[in-house]
Amino acid sequence: MELLKQRIRNEGRVMAGNVLKVDSFLNHQMDIRLFGEIGREFRRRFDGCGVNKILTIEASGIGIACITAQYFDDAPVVFAKKNPTKNIAGEVYTSRVESYTHGRVYDVIVSKRFLGPQDRILIIDDFLANGCALMGLIEIVRASGASLVGAGIAIEKGFQEGGHLIRQMGVRVESLAIVDAMSEEGGVVFRD
Ligand code: 5GP
């Protein structure tokens, strides 16, 4: 998606530890018009797949997921929670996720009330790096008996293993901008 690539080129900052900062438009300050274009593009790619629910993970996936939902007939958005206050066994699906940016391991939970066999799920997230976040969400979808239509990712870091691993599992992953290489001096190099 050229518009997104352009914003990354113009405003993205490559930080130590292979972290791409896009906080002026994606995950701190949010450009809602751009999110609209992102949502429209996800709809185009997953049109006719019968998506009836969107699943994401807090915090930075939520904004994109909500705007994207407007292009899927206002499908409900469920976000996996990272800090359960009440983790009552039996009432939630749980999965363990290692955070790429924060270097921590935590449990994510989704209430069993909001995911079930009748659901056709599109997972949405801002970044795909090593794939831990996405893998955790996929585990939760599988445990719920819902159908997984695929995953829509804004920015995939193609030089990390997540995209490859998850596509190998047979999951359809659609990324709007794939970064093949990046450095503080050379900036960002996109696939295609
Ligand atoms: P993964 O679990 O695939 O390793 O990482 C995905 C999660 O880590 C995303 O939800 C995102 O919040 C965060 N993340 C991974 N890489 C980056 C990055 O380069 N920049 C930013 N801003 N977030 C990232």
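This report walks through a predicted model, starting with its ligand and moving on to the pocket and the backbone.

## The ligand and its contacts

Let's begin with the shell. The ligand is surrounded by 17 residues, and the closest of them are Leu 20, Ala 129, Asn 130, Gly 131 and Lys 157. By type, this shell holds eight nonpolar, six polar and three charged residues.

Oxygen atoms of the ligand take part in several polar contacts. A polar backbone atom of Asn 130 is 2.8 Å from a ligand oxygen, and a backbone N or O atom of Cys 132 lies 3.1 Å from an oxygen atom of the ligand. Asp 126 takes part through its side chain, where an N or O atom is 3.3 Å from a ligand oxygen. On its own the ligand has 500 Å² of accessible area, and the protein covers 90% of it.

## Which elements build the shell

Three elements give two or more residues each to the shell around the ligand: strand E2 (19–21), strand E7 (120–128) and helix H4 (132–144). Strand E7 gives the most, with four residues.

## The pocket

Where does the ligand sit? The space it takes is the largest pocket. About 760 Å³ of space lies in this pocket. Its lining is made of 31 residues, and those closest to the pocket centre are Ser 60, Tyr 100, Thr 101, Asp 126 and Phe 127. Asp 126 is thus worth a second look, as its side chain also has the 3.3 Å pairing with a ligand oxygen.

Strands E2 and E7 and helix H4 each give two or more residues to the lining, as do strand E5 (92–98) and strand E8 (147–157). E7 gives the most here with four residues. The lining residues divide into 15 nonpolar, eight polar and eight charged.

## Two backbone details

Some useful background for a geometry check: most peptide bonds are trans, and most residues other than glycine have a negative phi. Two places in this model are worth viewing with that in mind.

One is the peptide bond between Glu 58 and Ala 59, which is cis, with omega at about 5 degrees. Ala 59 belongs to the loop between strand E3 (53–57) and helix H3 (61–69).

The other is Asn 18, a residue other than glycine with a positive phi, near 60 degrees. Asn 18 is found in the loop between strand E1 (13–15) and E2. Strand E2, at the end of that loop, is also one of the elements that give two or more residues to the ligand shell.

Conventions. Residues are numbered from 1 along each chain as its sequence is written. This is a predicted model: local features need pLDDT of at least 70, side-chain atom pairs count only at pLDDT 80 or more; totals for chains, interfaces and linings use all residues. Side-chain values use heavy atoms; hydrogens and water are left out. A residue is near a molecule or strand if one of its heavy atoms lies within 4 Å of it. A polar contact is a pair of N or O atoms within 3.5 Å; within protein, one must be able to donate a hydrogen and the other to accept it, and residues adjacent in sequence count only if both atoms are side-chain atoms. Accessible areas come from the Shrake-Rupley method with a 1.4 Å probe; for residues, only the protein chains shown count as cover. On a 1 Å grid over the protein atoms alone, a cavity is a set of points where a 1.4 Å probe fits but cannot get out, and a pocket is an open set with protein on both sides within 12 Å along at least five of seven lines; lining residues have an atom within 4 Å of a point. A molecule sits in a cavity or pocket if more than half of its atoms lie within 2 Å of its grid points. Ala, Val, Leu, Ile, Met, Phe, Trp, Tyr, Cys and Pro count as nonpolar, Asp, Glu, Lys and Arg as charged, and the others, Gly among them, as polar. Grid points are joined across faces, edges and corners, and a volume is the space filled by probe spheres set on the points.
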